[in-house]
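Here is a walk through one protein chain, from its charged pairs to its nonpolar interior. Keep the coordinates open as you read.

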Amino acid sequence: MALVGIIMGSTSDWETMRHASETLDALGIAHETKVVSAHRTPQRLYDYATGAADRGLRVIIAGAGGAAHLPGMAASMTHLPVLGVPVESKALKGMDSLLSIVQMPGGIPVGTLAIGKAGAINAGLLAASILALSDDRLSARLQDWRARQTDSVATDPQ
């Protein structure tokens, strides 16, 4: 059963959002991926967000570019934590996406990550950290992942 839902506004967002999926895979976290557009498929968004908790999801990662309404709209329809990933846009290099996601009104929080690949990876790690609060085995896997990351950093530049 999926614990994390990864949603994105269009198939073109997969190039960014696949990094969240790969991070969750590396940590052994069951997840699902769906295209859910806030603008083009509003009923799909409503059904997804309002039914997420009943389907067993514990965290939603939402990636969106441009106007980037998906994370905020999803957050407005569920009590689950929503992590927003701004997808880099052609017009403003993702700044439009970032500002749309991060500037939520008080009362509807979206945990906003960095623009692009780094944000998607960190969304996967943050989702893992949230889930690890109640899963000791996942907590150990996450700590091992971080230790391997630390060990992979060279001490010498050459």
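R18 and E15 both belong to helix 1, three residues apart, about one turn of the helix. The model is predicted. In it, the side chains of R18 and E15 form a salt bridge, 3.2 Å from N to O. R18 has a second partner. Its side chain also meets that of E22 in a salt bridge, at 2.8 Å from N to O. R18 and E22 lie four residues apart in helix 1, again about one turn of the helix. R18 is partly exposed, because its relative accessibility is 23% and partly exposed runs from 20% to 50%. E22 is partly exposed too, with a relative accessible area of 41%.

How many salt bridges does a search of the whole structure find? The search finds three. The remaining pair is R55 with E32, whose closest N and O atoms are 2.8 Å apart. R55 sits in the loop between helix 2 (42–51) and strand 3, while E32 sits in strand 2, so this pair ties together parts that are 23 residues apart in sequence. R55 counts as partly exposed at 36% relative accessibility. E32 has a relative accessible area of 19%; buried means under 20%, so E32 is buried. Shared partners join E15, R18 and E22 into one salt-bridge network.

Return to helix 1 as a whole. It covers residues 14–26, 13 residues in total. At 1.5 Å a residue, helix 1 should span 18 Å; its end C-alpha atoms are 17 Å apart, which agrees. Just after helix 1, G28 takes a positive phi of about 70°.

Which residues of helix 1 are buried? They are T16, M17, H19, A20, S21, T23 and L24. Their cover includes strand 1 (4–8), strand 2 (31–35), strand 3 (59–64), strand 4 (82–86) and helix 5 (117–132). I6 gives a close-up of contacts with this helix. Leaving aside neighbours within four places in sequence, I6 is in contact with M17, A20, S21 and L24, among others. Other contacts of I6 include H31, E32, T33, K34, Y48 and I61.

Now the interior. Nonpolar side chains tend to be buried together in soluble globular proteins. Here the largest nonpolar core holds 23 residues. V4, I6, L24, L27, I29, I61 and A127 touch the most other members of this core. Strand 1, helix 1, strand 3, strand 4, helix 5 and helix 6 (136–151) each supply at least two residues of the core. Helix 5 gives the most, with seven residues. Apart from this core lies another, of 20 residues, among them V36, A62, A64 and V110.

Helix 5 deserves its own look. It has 16 residues and reaches 23 Å from its first C-alpha to its last, close to the 22 Å expected at 1.5 Å a residue. Its buried residues are G119, A120, A123, G124, L125, A127, A128, L131 and A132. What do the buried residues of helix 5 pack against? They pack against strand 1, helix 1, strand 3, strand 4 and helix 6.

Finish at the surface. L92, M95, L99 and V102 make a nonpolar surface patch of about 360 Å². V102 is found in helix 4 (residues 95–102). V102 is partly exposed, because its relative accessible area is 39% and the range for partly exposed is 20% to 50%.

Note on methods. Residues are numbered from 1 along each chain as its sequence is written. This is a predicted model: local features need pLDDT of at least 70, side-chain atom pairs count only at pLDDT 80 or more; totals for chains, interfaces and linings use all residues. Side-chain values use heavy atoms; hydrogens and water are left out. The expected span of a helix is 1.5 Å times one less than its number of residues. Buried means under 20% relative accessible area, exposed over 50%, partly exposed in between (1.4 Å probe, protein chains only). Contact means heavy atoms within 4.5 Å. Patches are made of residues with over 30% relative accessible area and no salt bridge: like charges are joined within 9 Å, nonpolar side chains (Val, Leu, Ile, Met, Phe, Trp, Tyr) within 5 Å. Accessible areas come from the Shrake-Rupley method with a 1.4 Å probe; for residues, only the protein chains shown count as cover. A salt bridge is a side-chain nitrogen of Lys or Arg within 4 Å of a carboxyl oxygen of Asp or Glu. A nonpolar core is a set of buried Ala, Val, Leu, Ile, Met, Phe, Trp, Tyr and Cys residues joined through side-chain atoms within 4.5 Å.
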